[in-house]
Amino acid sequence: MCGLLGFLSNDGTAKEVRDDLAAALDLARHRGPDEGGTQGDEDTVLGFRRLSIIDLDNSHQPLPYDDERYWLLFNGEIYNYLELRERLVREHGATFATDGDSEVILAAYKHLGEDCVRHLRGMFAFLIWDTHERVLFGARDWFGIKPLFTMTDSRGTFFGSEKKSLLALAQGAGGNGAEVDTRSLQHYLTLQYVPEPATMHAGICRIESGTAFRQRPGGPLETWRYFTPTFPVRQVDDEQRLYDGIRDVLADSVAKHMRADVTVGSFLSGGIDSTAIAALAKRHNPDLITFTTGFEREGFSEVDVAAESAAAIGVRHVVKTVSAQEMMDTLPLIVWYLDDPVADPALVPLYFVAREARKHVKVVLSGEGADELFGGYNIYREPASLKALTSLPGGLRTALGRLGRRLPDGMRGKDLLRRGSIPLEERYYGNARIFRDDELGFLRTRDPRVSFRDVTDPLYAAVGPADDVTRMQYVDLFTWLRGDILVKADKMTMANSLELRVPFLDPEVFRVASTLPVAQRVTKEQTKVALRRALADVVPAHVLQRRKLGFPVPIRHWLKDELYDWARGIIDASGTEHLIDRAAARTMLEQHRTGPHDYSRKLWTLLVFMLWHGIFVEQRIVPEVPATVYPVSL
């Protein structure tokens, strides 16, 4: 796991950018504290920060291949590199000077061409510079586990693992020439994240998940999707064979994700996903250490359940407890690491548990992706609950919807009638819905032409005439998963120079999960039906049927008490008045404090943006970034 920063010049003057790029690369030091360096010619500058995981003494980057014809920058891990390496030697006579996974990408590109990316089983963002053909080729992994930002100006095109590095290179006063994208702000206030490919800065975007690209000096950036999820559902003739197949492919994925020349641990939240990963990982490391976190408030911790799970599978367990004061003190630094605002409170405990884990290990496994692949969110049960209404003729559904709107607020059945009368495209746009369009009156730059449907309508069109559960999963793969879940997973672990691996988000696991009939994903009563049955002999019984909880954060309570003065101070000091009516934000805070309404998620969304604006736009807030360089020996 590392940080890359590359530049492709428009006019052969790349050397003029080299010093500035080397300085900007230092902003990604937390991604790769072990070593760093740059290499370049008249067209390119390639910069790298390394966190050594495999082939510790070699595989230095930028990495040359084939007598320095090809040069590589690579952030991530290729888990099938041993098998791919053997195949390249056997079928193409490939040669290797290192024992790492990085060189395998270069050999695959030389012998398989741009199609090489389809053969990579892992998480990755990489750039390959071909010095003969003078073309830059790159790609981002299947699901968007690893980030890759890009920015183009009059000098050429920049690529980076950290947006803050690109901001430092942006032309303009103070290195902050990119303007806030008000369209992205509007989407953020609805979704709690900025949807790809945009960022909160108008001049910087992201290479999308499952996308490859090429560019020549002075030419356009050409991109194409090499992976588009499909769901070829198959009838189940033998349920036990299905469950065995799920267990086997997941066990194989965990085995490959355990490949490392350093210590590997595992996060353990107390749910089925992380417990399954930890139990399977222990088969390869009997001394596995697991990590969890909780808060100093009853009902907002899975520490006890996680400890029980750790004891059941026989692993050493480490707990980090987070206080309200720690949250207040650390949030500006967390937002700095994020690059773009993400208003998911769960990223706070994730940061702290990652910091604790890094004291013991250099790599951790985690359970992200299981919900999107196997049907784990409770909202996926909604189509079954609404079936009696959605199967009615359209006119009757509309009439029932009008009836529902006339019922008193809080009356049983009111929301059911409302949602049953609304098409899926209008009622579902991911797992977080913060501000509705009609609640954005405080946003001074609100554009009535901008809607969440700008993001989701193309996705619904792409997935086609599938069942509603599949359509929801497809939307989540392109929105919630890569916009929230994977951003916080990458940013909060890399902030602590810790590599996080996600065995569920593996192409082979997806290949099996994508064939499941809806009834093997969700029913009215249960989520992740097939996965639970497949893991019956892997996961302790007390975990198998538990409802999803995750890392709950007590912001609803804290904003009434411990965090109130802190939140009021952020609003009062914020220089966002031209974007947000701060008086409306203060009113919302007061109403939340006095009750009875819970505005905690809305307030948190505003507070995170105001902190972000104070750091990246006003440059009024300057978090103190730790200078710790962690030892390689872990």
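**A tour from helix 12 to two strand systems**

Begin by selecting helix 12 (residues 382–390), whose buried residues are Glu-382, Pro-383, Leu-386 and Leu-389. Viewed down the axis of helix 12, these buried residues fall within an arc of 95 degrees, so they line one face of the helix. Please note that the model on display is predicted.

Next, colour Lys-387 and Ala-388, the exposed residues carried by the face of helix 12 turned away from its buried side. Then show helix 13 (394–406), helix 14 (414–420), helix 15 (424–427) and helix 17 (468–478), which are among the elements that cover the buried residues of helix 12.

Move now to the open sheet of five strands, paired in parallel in the order 15-14-13-16-17. Strand 15 (316–322) and strand 17 (499–501) stand at its edges with a single partner strand each, so one side of each lacks a neighbour in the sheet. On average, neighbouring strands of this sheet are turned by 30 degrees against each other, direction ignored. To inspect one edge, select strand 16 (residues 363–365) together with strand 17; three bridges pair them in the parallel sense. Here Val-364 stands opposite Leu-500 of strand 17.

Finally, select strand 5 (residues 70–78). Nine of its nine residues are buried, so strand 5 is largely enclosed by the rest of the structure. Strand 4 (residues 63–65) runs antiparallel to strand 5 and is joined to it by three bridges, with Pro-64 as the bridge partner of Trp-71. Four residues separate the two strands of this hairpin, and Asp-66 in the turn has a positive phi of about 55 degrees. Add strand 6 (residues 122–130), which pairs with strand 5 in the antiparallel sense over nine bridges; in strand 6, Ala-125 is the bridge partner of Asn-75.

Notes
Residues numbered from 1 in each chain as written. Predicted model: local features only at pLDDT ≥ 70, side-chain atom pairs only at ≥ 80, totals over all residues. Heavy atoms only, no water. Pairing = 2+ DSSP bridges. Axes fitted to C-alpha atoms, helices over the stretch in contact; angles between N-to-C directions. Buried < 20%, exposed > 50% of the residue type's maximum accessible area, 1.4 Å probe, protein only. Arc of directions from axis to C-beta. Contact = heavy atoms within 4.5 Å.
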